[in-house]
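Me: Please take one part of this model and give me a close look at it, then follow the packing outwards from there. I'd like the cut-offs spelled out as you go.

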Amino acid sequence: MARLIADKLGKELHQGVVVENKPGGGNVVGAVAAARAAPDGHTFFFATSAALANNVFMMKDLPYDPVKDFVPVALVTRSNQVIVATPSLPVKTLSELIALEKASPGKYSLGVDGPRNLAGVTAQALNKRTGTTFVLVPYPNINNAVQDTIAGRLQVGVFSVSIVESQIRAGTLRAIAMASAKRVSAFPDLPAAGETIPGFDFAGWFMVMAPAGTPADIVTKMNDAIDRATHDSQVREMAPKLGFDINPTGVGSPKDASDFLSSQLTLWEKTTKELGIEKQ
């Protein structure tokens, strides 16, 4: 998604826009590099929800502050998760899945990419809020979890739409519900979990941030450029195919991005307390 946006940004800004990968440490390496960059409008952070919200309540001694070290520029997109089942499981809806599990507590396994990652927290919230006892099975390699769900060694999984969209459309995985409050453009006929579990909304998202101290006029200019880039027809066509949702009315203002970040920090503080998740 970053590369798709960067290509359009380069045309909007009439200069090259380079995407530099900084993997490692649960997004910490990239966040620290961006936070320490000069606030001159030449470096921006294509930040994940993990970097800006989840990590704050998961990690002790986080070496950056998402509020103090950055200035929000634009909320670019949501990255959706989907609850899926192996095709042999006799359920088609979330209500049926919950009822099936409650009829045989602890019988069914649910694959995630880690107990403290977005999918793992989503699965814990599902158990907590519905009274189910799905056995969470974390996988270091999420593709193995997908294959085990297809084969029936796992009965259920919570995966990013971008990872399993082709399997859902091919019928090798059965989509049960989006792990969100509202339906998404990639699967408009698939119910959202929030339709069954009020307030259930666990989606990732991506926000462009600038290092603290970046002049306001530069932030505004970049916000405008990102907004135009996300209105590009190719971006609008490709985003749902990659599992992302872009706001049809645009990215909003830097203040909108700031307000959204504040709401997500409040949400994650509440969620981690609800689930008893402590910093490590």
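Reply: What follows starts at one helix and works outwards through its packing partners to some salt bridges.

Housekeeping, quickly: this is a predicted model, so local features need pLDDT of at least 70 and side-chain atom pairs count only at pLDDT 80 or more, while totals for chains, interfaces and linings use all residues. Numbering runs from 1 along each chain as its sequence is written, and side-chain values use heavy atoms, with hydrogens and water left out.

Let's start with α3, the helix spanning residues 49-58 (helices being DSSP runs of H or I with at least four residues, strands runs of E with at least two, both numbered from the N terminus). Nine of its ten residues are buried, so α3 is mostly covered (buried is under 20% relative accessible area, exposed is over 50%, partly exposed is in between, using a 1.4 Å probe and protein chains only). The buried set is S49, A51, L52, A53, N54, N55, V56, F57 and M58. What are they up against? The buried residues of α3 pack against α2 (28-35), β1 (45-48), α5 (118-130), β8 (204-211) and α10 (254-275), where contact means heavy atoms within 4.5 Å.

Two of those partners, α5 and α10, also pack against each other, at an angle of about 60° with their axes 10 Å apart. For these numbers, axes are lines fitted to C-alpha atoms, for helices over the stretch in contact, and angles run from 0 to 180 degrees between N-to-C directions. That makes α5 and α10 oblique to each other (under 35 degrees is roughly parallel, over 145 roughly antiparallel, 65 to 115 roughly perpendicular, and the rest oblique). The crossing of α5 and α10 is left-handed, meaning the near helix is turned anticlockwise from the far one by less than a right angle. On the α5 side, the contact uses L118, V121, Q124, A125, K128 and R129, and α10 brings W268, T271, E274 and L275. Sorted by type, that contact has five nonpolar, two polar and three charged residues (Ala, Val, Leu, Ile, Met, Phe, Trp, Tyr, Cys and Pro are nonpolar; Asp, Glu, Lys and Arg are charged; the others, Gly among them, are polar).

Staying on α10, there's a salt bridge between E269 and K273, with the closest N and O atoms 3.6 Å apart (a salt bridge is a side-chain nitrogen of Lys or Arg within 4 Å of a carboxyl oxygen of Asp or Glu). The two residues sit four places apart in α10, about one turn of the helix. An α-helix has 3.6 residues a turn, so residues three or four places apart point the same way. E269 is partly exposed at 36% relative accessible area, whereas K273, at 62%, is exposed.

The whole structure has 13 salt bridges, and another four-apart pair turns up in α1. There, K11 and D7 meet at 4.0 Å, N to O, and they are separated by about one helical turn. K11 is exposed at 56% relative accessibility, while D7 is partly exposed at 41%. The pair belongs to a salt-bridge network that links D7, K8, K11 and D232.

K8 also has a part in helix packing: L4, I5 and K8 in α1 meet Q234, V235 and M238 in α9. By type, that contact splits into four nonpolar residues, one polar and one charged. α1 (residues 2-13) and α9 (residues 233-241) pack at an angle of about 180°, their axes 11 Å apart, and are therefore roughly antiparallel to each other.

One more salt bridge pairs K22 with E20, whose closest N and O atoms are 3.5 Å apart. K22 is partly exposed at 40% relative accessibility, and E20 is exposed at 60%.

For a covered spot elsewhere, try T149 in α6 (residues 142-151). T149 is buried, at a relative accessible area of 0%. Skipping residues up to four places away in sequence, T149 touches V84, A85, T86, L154, Q155, V156, G157, F159 and L173.

Finally, G194 lies in the loop between β7 (174-178) and β8, β8 being one of the elements that α3 packs against. G194 counts as buried at 18% relative accessibility. Its C-alpha atom is 4.1 Å from that of A181, 13 residues away along the chain. Beyond four places in sequence, G194 is in contact with S180, A181 and F200.
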